[in-house]
Amino acid sequence: MGEAHQLQLSIMVHHQDANGANSRSIHNTSVLPRGKSFNWWLRMTLYTCLVLSGQSVATLLGRLYFDKGGHSNWLQALMNLAGFPILLPYYCIPALSKRNNPTTNSVQSEPPPSTLTLASVYVSLGLLVAFGCFLYSVGLSYLPVSTYSLICASQLAFNALFSFFLNSQKFTPYIFNALFLLTISSVLLVFQGDSDSGAAGVTSKGKYVMGFLCTVAASASYGLTLSLTQLAFRKVIRKETFTAVMDMIVYQSLIASCAIFIGLFASGEWKGLKKEMGEFKSGKVSYIMNLTWSAIVWQLFAIGGVGLIFEASSLFSNVVSALGLPVVPVLAVIFFHDKMDRIKIVAMVLAIWGFVSYLYQHYLDDRKAKTAENENANGEVSTILPP
């Protein structure tokens, strides 16, 4: 994990997890439903493959763009988001539209937010997403893919920290353990500056430090965006519907894409795109295909994440996404010949350990919410039945 486009998946994960038992009642599952048909398992396999392959391929394509002569951080950031119209057909799926009904009477009684209020939320969060995408792009241009992916693991630590202040998240021993491990994992990579000189061995130590700082800042921006999105659902939108979640994803992506598009022209980078395409080492066709597939693959990842959430649960979708953590560094060693020395191996092990600790806490929270839901249901039945 760790890419800006995972925000689309995590928006839905954190929205549903923040609402406790109410959101679980939509899925009626703890982690993974049982007794499903063959077609259901087939869909689950497809969505899982989209999530695992999408984030890996998209990150590698981004690195390939810079390795082959691409220079525009604004253009690469735009490719992370510009494919969002692929998600629009999800509005037309009847099975998902049925989940548009609020789950509680209290939600029904809440007045809907004004158009101006919603627009303010979408614009502010969209601009924050654009900022994070640009920083991620700068980090990827200066760092080896394996180092970049491991640093991105710190986004969970930032998310937990911001959620503590904005959403009253409790710091359990498992959360503390995850924060500590993910922080140490990122700090270890600071010492890679001398031996891990970046893409193709030509990145200076100064650019390595810049890439490191931009990636950490992007991870912090990502964590803040998740926490603010969760807060917006709880305080402003105040409803649990498929349409509300899709609106957040689509409008955020639209605003972010527009902001990055403006940045592309304001920075003057657009003037060099024609020359960049002509000098691309693999040719003009390869240049166009790289950008096109980067945009498509990020959206395929988003589709896989959305599918896992609505077919199984938000927890299961988050677990599958976390499984992609060690995939990118391994593929980077194979395809980009990144160095995998002892420090980086230790950092990867610590990051995976931190992920497991973080997800295990989510599993415990999910079990607790499920137990509370069952107890409430049993209590309601006992009051209806005669003694």
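**Exercise 1. Nonpolar cores**

Task: In this predicted model, which residues have the most contacts inside the largest nonpolar core, and which helix gives the most to this core?

Solution:
1. The largest nonpolar core holds 36 residues. Tyr65, Leu75, Ile260 and Tyr287 have the most contacts inside it.
2. At least two residues of this core come from each of α3 (38-67), α4 (73-79), α7, α8 (145-152), α11 (205-237), α12, α14 (284-311) and α17.
3. With 7 residues, α7 gives the most to this core.
4. A second core of 31 residues is separate; Val51, Ala58, Val236 and Trp298 are included in it.
5. Leaving aside residues up to four places away in sequence, Ile260 touches Trp74, Ala77, Leu78, Leu81, Ala130 and Cys133.

**Exercise 2. Packing of α7 on α12**

Task: How do the axes of α7 and α12 cross, and which residues meet?

Solution:
1. Helix α7 spans residues 115-142 and helix α12 spans residues 242-266; their axes come within 7 Å and cross at roughly 60°.
2. This angle makes α7 oblique to α12.
3. The crossing of α7 and α12 is right-handed.
4. From α7, Val121, Tyr122, Val123, Leu125, Gly126, Leu127, Val129, Ala130 and Cys133 take part; they meet Asp247, Met248, Tyr251, Gln252, Ile255, Ala256, Ala259 and Ile260 of α12.
5. Sorted by class, the contact of α7 with α12 has 14 nonpolar, 2 polar and 1 charged residues.

**Exercise 3. Packing of α11 on α12**

Task: What is the crossing angle of α11 and α12, and is the crossing left-handed or right-handed?

Solution:
1. The axes of α11 and α12 come within 12 Å, with a crossing angle of roughly 125°.
2. At this angle α11 is oblique to α12.
3. The crossing of α11 and α12 is right-handed.
4. Thr229, Ala232, Phe233 and Ile237 of α11 make the contact with Ala244, Val245, Met248 and Gln252 of α12.
5. The residues of this contact of α11 with α12 comprise 6 nonpolar, 2 polar and no charged.

**Exercise 4. Burial of α8**

Task: How many residues of α8 are buried, and which are they?

Solution:
1. Buried means under 20% relative accessible area.
2. In α8, 8 of its 8 residues are buried.
3. They are Val145, Ser146, Thr147, Tyr148, Ser149, Leu150, Ile151 and Cys152.

**Exercise 5. Backbone of His337**

Task: Where is His337, and is His337 buried or exposed?

Solution:
1. His337 lies in the loop between α16 (327-335) and α17 (342-384).
2. Most residues other than glycine have a negative phi.
3. The phi of His337 is near 55°, a positive value in a residue other than glycine.
4. With a relative accessible area of 66%, His337 is exposed.

Conventions. Residues numbered from 1 in each chain as written. Predicted model: local features only at pLDDT ≥ 70, side-chain atom pairs only at ≥ 80, totals over all residues. Heavy atoms only, no water. Axes fitted to C-alpha atoms, helices over the stretch in contact; angles between N-to-C directions. Helix = DSSP H or I, 4+ residues; strand = E, 2+ residues; numbered from the N terminus. Parallel < 35°, antiparallel > 145°, perpendicular 65-115°, else oblique. Left-handed = near helix turned anticlockwise from the far one by under 90°. Contact = heavy atoms within 4.5 Å. Nonpolar A, V, L, I, M, F, W, Y, C, P; charged D, E, K, R; others polar. Buried < 20%, exposed > 50% of the residue type's maximum accessible area, 1.4 Å probe, protein only. Core = buried A, V, L, I, M, F, W, Y, C linked by side-chain atoms within 4.5 Å.
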